[in-house]
Amino acid sequence: MKLQDILKLAVQMGIDKDPRGKAEIKRLLASNKEKYEKLPEKEKEYFDTSSLENPFPDSRILVGDPQTEVKSVMVGIDMEVPEVLLADRLREKGKAIDLIISHHPEGVALVNLDKVMALQADEWYRHGVPINIGEAFISKRMQEIYRAFLPRNHERALDAARVLDIPFMSMHTVADNQVNAYLT
């Protein structure tokens, strides 16, 4: 299976189990498209075009050619530089590792973590908390997370994966949605 197909499948599974429902996801994607279309041409190159099809900014292909054929994967909760080095060492020993998948995001997926937190207000709303109260509660924490992650070296593990030519992706909300659906 190609790397891009793994992401598409994961995103679809995340959408299918998203607590906000498919209609809200469709609205979110339409909103992203509208924002993109309103941008001047010069600014469009900086827009996250992945957000036009993928509503989860923390679930992305972060390193590697989307056309890469993947047969075996190394998966973990936190895949940092030591795990990237382990994957490389295992490859040297003949183990087939075509892709590293991290649950916790890295790189641009981590930088956007605060945006994903808005989902919490939607979830609380489903359980009876007025949306304005939920947004007020979560917005302060979103700002704290934004400021906490801003100065970090988000690319460290991804730089190691690039140098060692190991595709790397994160699947955060798509996995969380599966867990939420199972526990609910």
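The lining of the largest pocket in this predicted model comprises 17 nonpolar, ten polar and eleven charged residues. In total, 38 residues line the pocket. Its volume is about 1000 Å³. Ser51, Asn54, Pro55, Pro57 and Arg60 lie nearest the centre of the pocket.

Several elements contribute to this lining. Helix 1 (3–16), helix 2 (22–38), helix 6 (113–116), helix 7 (118–126) and helix 8 (131–149) each supply at least two residues. Strand 1 likewise supplies at least two. Helix 2 gives the most, with six residues.

Strand 1 also belongs to an open sheet of four strands. The strand order is 1-4-3-2, and the pairing is mixed. Strand 1 and strand 2 are the edge strands, each pairing on one side only. From one strand to the next, the twist averages 20°.

Strand 1 covers residues 59–63. Four of its five residues are buried, so the strand is largely enclosed by the rest of the structure. Buried here denotes under 20% relative accessible area. Strand 1 runs antiparallel to strand 4, and four bridges join the two. Within this pairing, Arg60 has Ser170 of strand 4 as its bridge partner. Arg60 thus links two parts of the description: it is among the residues nearest the centre of the largest pocket, and it takes part in the bridging of strand 1 to strand 4.

Strand 4 (residues 168–171) pairs with strand 3 as well. This pairing is parallel and extends over three bridges. Ile100 of strand 3 stands opposite Phe168 in strand 4.

Strand 3 spans residues 99–102, and both of its faces are covered. Leu99 and Ile101 are buried on one side. Ile100 and Ser102 are buried on the other. Two of these residues recur in the bridging pattern. Ile100 faces Phe168 of strand 4, while Ser102 is the bridge partner of Gly76.

The pairing of strand 3 with strand 2 (residues 73–76) is parallel and rests on four bridges. The connection between these strands passes through helix 4 (residues 81–92). The chain leaves strand 2, traverses helix 4 and enters strand 3. This β-α-β crossover is right-handed.

Read along the order 1-4-3-2, the sheet begins with the antiparallel pairing of strand 1 and strand 4. The parallel pairing of strand 4 and strand 3 follows. The parallel pairing of strand 3 and strand 2 completes the series.

Note on methods: Residues numbered from 1 in each chain as written. Predicted model: local features only at pLDDT ≥ 70, side-chain atom pairs only at ≥ 80, totals over all residues. Heavy atoms only, no water. Buried < 20%, exposed > 50% of the residue type's maximum accessible area, 1.4 Å probe, protein only. Pairing = 2+ DSSP bridges. Right-handed = clockwise from strand over helix to strand, strands pointing away. 1 Å grid on protein atoms, 1.4 Å probe; cavity = no way out; pocket = protein on both sides within 12 Å on 5 of 7 lines; lining within 4 Å. Points joined across faces, edges and corners; volume = space filled by probe spheres on them. Nonpolar A, V, L, I, M, F, W, Y, C, P; charged D, E, K, R; others polar. Axes fitted to C-alpha atoms, helices over the stretch in contact; angles between N-to-C directions.
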